[in-house]
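Let's take a walk through this structure, with an eye on the empty space inside and on a couple of backbone oddities in the loops. Have the viewer open as you read.

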Amino acid sequence: MLSRTADHLYWMARYSERAENLARLLDVNYQMSLVPHDAETERSSWNAIIALNSLEYAYAKRHDEVTATKVLHFMLRDETHPSSIYSCLRAARENAHAVRGTLTAEMWETINETWLQLRDQSFAEIHAGGIAAFFDWVKQRASLLRGAMFGTMLRDEAFQFIRLGALLERADNTARILDVKYHSLAGAQQSQGDDLVDANDFYHWGALLRSVSAFEVYRKVYRDVITPERVAELLILREDLPRALHSCMGGIVRVLEKVRNSRSDETVRRAGQLYATLRYGRMDDIFERGLHAWLDAFIDSIGDLSVRISEDFLVGA
């Protein structure tokens with residue numbers, strides 16, 4: 001496959017996944033903001049969204065204060081911000097258009113229709129229609145695209161590069177949201193007492209799990225009260241949870257084995273090494289090292305893989 005084609009497919013998938021992940025993240029924060037709390041707590045919560053995506057400088061250039069409305073506009077509909085949902089879906093559509101002949105008709109129509117529907121909506125219209133409803137729409141459109149891909153595409157290299165982009169983006173997002181939300185929520189719970197888990201705690205932890213479609217899974221697996229340690233275990237070590245780090249890395253390794261070339265041996269080795277830490281890892285060891293330090297190292301490793309994949313497959317191939 002031409003590196004140019006692989007590049008468009010890879011980034012089409014990453015931008016589509018990024019838009020969905022942003023919708024999930026903003027949705028959980030928006031739902032949490034509806035719970036009564038003081039102004040400082042709400043401001044810190046929206047600040048965390050900006051920091052999670054390393055957008056402090058970009059946001060400060062456009063806004064002089066952090067408020068829910070301004071952050072939502074910045075992350076949803078700001079055309080000048082390259083990481084907004086609007087910009088991500090536009091970029092996904094542009095990459096898809098560049099390789100339209102490689103995609104099935106169902107995939108192209110889904111991506112194109114998603115962009116056309118969003119393009120004609122202003123932030124005021126989105127807000128009037130309901131922020132939560134908009135987030136549901138983004139997630140539904142992402143699910144339609146995945147369904148079209150799995151249901152219609154040949155399992156060739158094009159399919160593999162789409163999967164590779166989506167899985168890398170998903171792994172990075174899960175690690176970031178767990179890192180930020182785990183420490184903010186666990187810290188709040190600790191301040192109340194180790195054994196105190198009130199309705200407010202349950203709502204916040206439930207919202208976090210729902211952001212990665214894991215709330216029902218948690219209840220099925222643990223059948224008990226939601227605790228920070230079990231949330232971390234579920235989102236890191238469960239191989240059978242699609243958005244868990246273990247599951248994402250397993251998929252990345254399998255894809256790299258299928259598309260490997262003469263330059264990618266080291267990339268495949270590093271991916272396999274990272275996967276082994278999840279396949280054979282234990283939460284006790286992760287907590288002993290420090291969850292924040294472990295997640296930071298994981299995010300750095302994902303970034304390293306992204307660079308190496310670009311060099312091995314997408315640049316000058």
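Start with helix 1, which gives five residues to the lining of the largest cavity, the largest share of any contributor. Keep in mind that this is a predicted model, so everything here is computed from it.

How many cavities of 30 Å³ or more does the structure hold? There are two, and the largest has a volume of about 150 Å³. Its lining counts 14 residues, and the ones closest to the centre are Ala13, Ser16, Leu145, Arg146 and Ala166. Helix 1 (3-33) has company here: helix 8 (131-152) and helix 9 (157-192) also supply at least two residues each to this lining. If you colour by domain, you'll find that domain 1 (1-153) and domain 2 (154-317) each put at least three residues into the lining of the largest cavity. As for chemistry, the lining of that cavity is a mix of eight nonpolar residues, five charged ones and one polar one.

Now move on to the second largest cavity, with about 120 Å³ of space. Thirteen is the count to look for, as 13 residues line this cavity, and Ser16, Leu89, Thr114, Arg141 and Leu145 lie nearest its centre. Two or more lining residues come from each of helix 1, helix 5 (85-98), helix 6 (105-119) and helix 8. The lining of the second largest cavity splits into eight nonpolar, three polar and two charged residues.

Two names are worth a click at this point. Ser16 and Leu145 are among the residues closest to the centre of the largest cavity, and Ser16 and Leu145 also turn up among those nearest the centre of the second largest one.

Let's leave the cavities and look at the backbone. Which loop holds Ser213? Ser213 sits between helix 10 (199-211) and helix 11 (215-222). Its phi is near 55 degrees, a positive value in a residue that isn't glycine. Is Ser213 buried, partly exposed or exposed? Ser213 has a relative accessibility of 41%, so it counts as partly exposed.

Carry on past helix 11 and you reach Arg223, in the loop that leads to helix 12 (228-237). Arg223 isn't a glycine either, yet it has a positive phi of about 50 degrees. With a relative accessible area of 69%, Arg223 is exposed, the cut-off for that label being over 50%.

Terms used. Residues numbered from 1 in each chain as written. Predicted model: local features only at pLDDT ≥ 70, side-chain atom pairs only at ≥ 80, totals over all residues. Heavy atoms only, no water. 1 Å grid on protein atoms, 1.4 Å probe; cavity = no way out; pocket = protein on both sides within 12 Å on 5 of 7 lines; lining within 4 Å. Points joined across faces, edges and corners; volume = space filled by probe spheres on them. Helix = DSSP H or I, 4+ residues; strand = E, 2+ residues; numbered from the N terminus. Nonpolar A, V, L, I, M, F, W, Y, C, P; charged D, E, K, R; others polar. Domains from an automatic or database assignment. Buried < 20%, exposed > 50% of the residue type's maximum accessible area, 1.4 Å probe, protein only.
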